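Colleague: I'd like to learn how to read a model like this one, feature by feature. Could you take me through it?

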Amino acid sequence: MRPWAVPRLLLLACLGMGGRAMAQVPESDTDPNGVAIPYRFLHLAHSLTPEHLGATAHLRAADPFLLYQFGRDLARRQFTLKQGVYGRPAELSVPLYVGAAVHGASAADVRFSRDHASSCGMCHSMPFGEPGSGQTIPSTSGAGRNTPHFYGAGMVEMLGEQVRREVLNRYDLNCNGLLERAEVARPSPVRINPTPGAPAIDYGDLSPDASGVPRLNGVFRIWYVDADGKVLPQASSLKDPQAAAFGLAMQPFGWGRGQQLLPSGLRIPQGGEATTLREFYAVAADVHMGLQTHDPTQLPAGPGGLARVSLNGAQQFDFGGSVDVGRRRTATGLSLDDPDRDGHLNELTEGDLDAVEFYLLHAPAPAVRGDAASEKGRQVVARAGCTRCHTESWRLHARDEARGFTGDRRLFQLETRSEVGTDGVSRLRGRLRRLSRSAPDGTVTPALNSALMERVYSDFKHWDIGALFHERRFDGSLQREHRTAPLWGVGSTAPYGHAGRFTTLDEVITAHGGAASPERKRYLALKPAERELLLAYLESLVLYRTDTLSSDIDGDGQISEDFQVAGKDVGPERFDPRFLFATPPRFRVLYRATGPDGEVFPLMLVQNVPETFRLSLPWLEDRDGDFFPDVLGPLPAAGTAPQASHAHQAP
């Protein structure tokens, strides 16, 4: 179909938006771009049984792309004061590292102020509307931290848990999920093969050093327990007389927290920033937006420091992700605590976390937009030795109950490929691949097969790569080690380094030193043409807009130029989750426009928002407009809440 123009005033009139057309509104059912959220804010209800129609377990099994959209909307939504955002603006937050400050710094100096954003998208902003990268923000030092992207985050999470299980399978002889003194009394090296036959990655040793601290790489977070498995919050090593064992978790997300200096002079590793997607979102929502989560999935579930396994199959840990612990609760399990005392109760629900976790679990990996020439640079990357730390690919094991491997927990995967057109321009194309099993009633469950995590380019270890990457923190201490930056997406994520200090790829590579000095020398020794190939290849590792990417989503092997949804031509076939809802949207096409790449796409409105978003299902319906499904609410006004039962009655 050929594009046709509509005068601007006529378009505004037919949208009924007036001057609001130029604004970025968080909620609007008259946004023809499909960016604004077309339904009123609604918390989701958690459930573990699909029989609760409209709760998260039902949506995951029967309408997974709707659950994906709900999670996506929560991750990009601009929250409002009525929804509890900004509870403690400018208040100094809990420090990332605790203990005695050095050089006379006070406890107030160790962390930036809270509640400075109303949306994840204010930092994870490129590409717009995606789990992208962004600007450098205040964090643990005056230099700040550069916002990383979360494309491929689900595979990273699964990898972290797989590595933990591999360690336990080898050294946890009594299979209690902990490592006892006797089990690590002798040298216990942690060596992990990223793919079968690949060189093993050295993560250190489980046996303690002279201070009683396991000699592990800083990507692992360690906690200590007594003989009964009770967590010892104050214990810092196996030298503690009560410490009988320790637990560990790989924390593959974030730049890392470095080491904590105790008054005794002992330095202990602090791990990464987060272990799971659920923990990452809950903590970020609290610190950055002032939204506290009451999430029983992340509360302690027995001895050993473990929390529950989430609806989406991820082991959780008692690391404070449920900021609102719910000391007082309603009969349906909503918290009455109001930790920030802003008058808004249970600001994020367990169901909200189910949806965001599901969305991030399925966030597609970055793409390779390259050609034959740039692909030659892939070989140069290896020859220069970069892959010693920037491990190219990882293999996720299939489900194996005996070894504790869950398999690939996703239901679908958006794959990308690069096509070079007759004009010589390389363009991305996508394909939606189902990773699920279908039951006779149409519900789906993950197949839990193996998966290849391609071209991630990271060992996720923490390394000291020289003084140009060191970080002087607010408490005066010096952090020398940071996580190996995954290179997938690096062509879209300038500036570079944990503090965004370097503006070009050549600049950040040349700045490498310390443990990466040999690789820096090899890079500088490359011929100019080889260096250009290497940089061209890195620049081909890109991020992209998922919902505008031309993709085969119906599995017929072709990408239609006039894809049909409920009998309506909606333009090029692409990964717009709405096209895959169980109840298809009824679109009204306003007119067709031509994008910057020459593709024609329609501007259109959804005419059946309540039906396609299933808002009348019993566990989604909110007739009283309090943002909670009626099966969970209503909540009393803050400060007037009665003393409720401490027994959590999960829906």
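Modeller: Sure, let's begin with sheets. Two strands pair if DSSP finds at least two bridges between them. Keep in mind that we are looking at a predicted model.

Colleague: What is the strand order in the open sheet that contains β16, and what kind of pairing does this sheet have?

Modeller: In general, strands of a sheet pair through backbone hydrogen bonds, either parallel or antiparallel. Here the order is β15-β16-β25, an open sheet of 3 strands with mixed pairing. β15 (412-420) and β25 (551-552) are at the edges with a single partner strand each, so each has one side without a neighbour in the sheet.

Colleague: How many bridges join β15 and β16, and in which sense do they pair?

Modeller: There are 9 bridges between β15 and β16 (residues 426-434), and the pairing is antiparallel. For a concrete pair to click on, take Glu 419, whose bridge partner in β16 is Arg 427.

Colleague: And the sheet with β4, β5 and β6: which pairing does it show?

Modeller: That one is antiparallel, an open sheet of 3 strands ordered β4-β5-β6. Its edge strands, β4 (189-192) and β6 (214-216), each pair on one side only. Ignoring direction, neighbouring strands in this sheet are turned by 15° against each other on average. β5 (residues 201-208) and β6 run antiparallel and are joined by 3 bridges; Pro 208 stands opposite Pro 214 in β6.

Colleague: Which helix lies across β4 and β5?

Modeller: α4 does, running at about 130° to β4.

Colleague: Now helices. How do I describe a packed pair?

Modeller: Two packed helices are described by the angle between their axes and the distance between the axes. For α4 (residues 153-171) and α6 (residues 350-361), the axes come within 6 Å and cross at roughly 95°. An angle of 65 to 115 degrees counts as roughly perpendicular, and α4 and α6 are therefore roughly perpendicular to each other.

Colleague: Which residues of α4 and α6 meet there?

Modeller: From α4 you have Ala 153, Gly 154, Glu 157 and Met 158; from α6, Glu 357, Leu 360 and Leu 361. By class, the contact of α4 with α6 divides into 4 nonpolar, 1 polar and 2 charged residues.

Colleague: How do α3 and α6 cross?

Modeller: The axes of α3 (residues 64-76) and α6 cross at roughly 100° and come within 7 Å. That makes α3 roughly perpendicular to α6. On the α3 side, the residues that meet α6 are Pro 64, Leu 67, Tyr 68, Phe 70, Gly 71, Arg 72, Leu 74 and Ala 75. Asp 352, Ala 355, Val 356, Phe 358 and Tyr 359 are their counterparts in α6. The contact of α3 with α6 has 10 nonpolar, 1 polar and 2 charged residues.

Colleague: What about backbone oddities?

Modeller: Most residues other than glycine have a negative phi, and most peptide bonds are trans. In this model, the bond from Met 126 to Pro 127 is cis, with omega near -5°, and Pro 127 lies in the loop between α3 and β1 (136-137). The bond from Ala 494 to Pro 495 is also cis, with omega near 0°; Pro 495 is in the loop between β23 (482-483) and α8 (505-510).

Colleague: Where does Asp 338 lie, and what is its phi?

Modeller: Asp 338 lies in the loop between β12 (315-317) and α6. Its phi is near 55°, a positive value in a residue other than glycine. Gly 598 takes a positive phi too, near 90°, in the hairpin of β28 and β29, which has 5 residues between the strands. The strands of that hairpin, β28 (residues 587-594) and β29 (residues 600-606), pair in the antiparallel sense over 7 bridges, with Leu 603 in β29 as the bridge partner of Tyr 591.

Colleague: Zooming out, how many helices and strands are there?

Modeller: The protein has 11 helices and 29 strands. Its radius of gyration is 25 Å, close to the 26 Å that the globule rule gives for 651 residues, so the protein is as compact as a globular protein of that length. The C-alpha atoms fill a box of roughly 75 × 75 × 50 Å along the principal axes.

Colleague: Where does the pLDDT stay under 50?

Modeller: The protein averages a pLDDT of 89, and 91% of the residues score at least 70. Residues 1-25 stay under 50, with 30 contacts beyond four places in sequence. Residues 98-108 are also below 50, and that stretch has 13 contacts in the model beyond near neighbours in sequence.

Methods. Residues numbered from 1 in each chain as written. Predicted model: local features only at pLDDT ≥ 70, side-chain atom pairs only at ≥ 80, totals over all residues. Heavy atoms only, no water. pLDDT = per-residue confidence, 0-100. Contact = heavy atoms within 4.5 Å. Axes fitted to C-alpha atoms, helices over the stretch in contact; angles between N-to-C directions. Helix = DSSP H or I, 4+ residues; strand = E, 2+ residues; numbered from the N terminus. Parallel < 35°, antiparallel > 145°, perpendicular 65-115°, else oblique. Nonpolar A, V, L, I, M, F, W, Y, C, P; charged D, E, K, R; others polar. Rg over C-alpha atoms; globule rule 2.2 N^0.38 Å.
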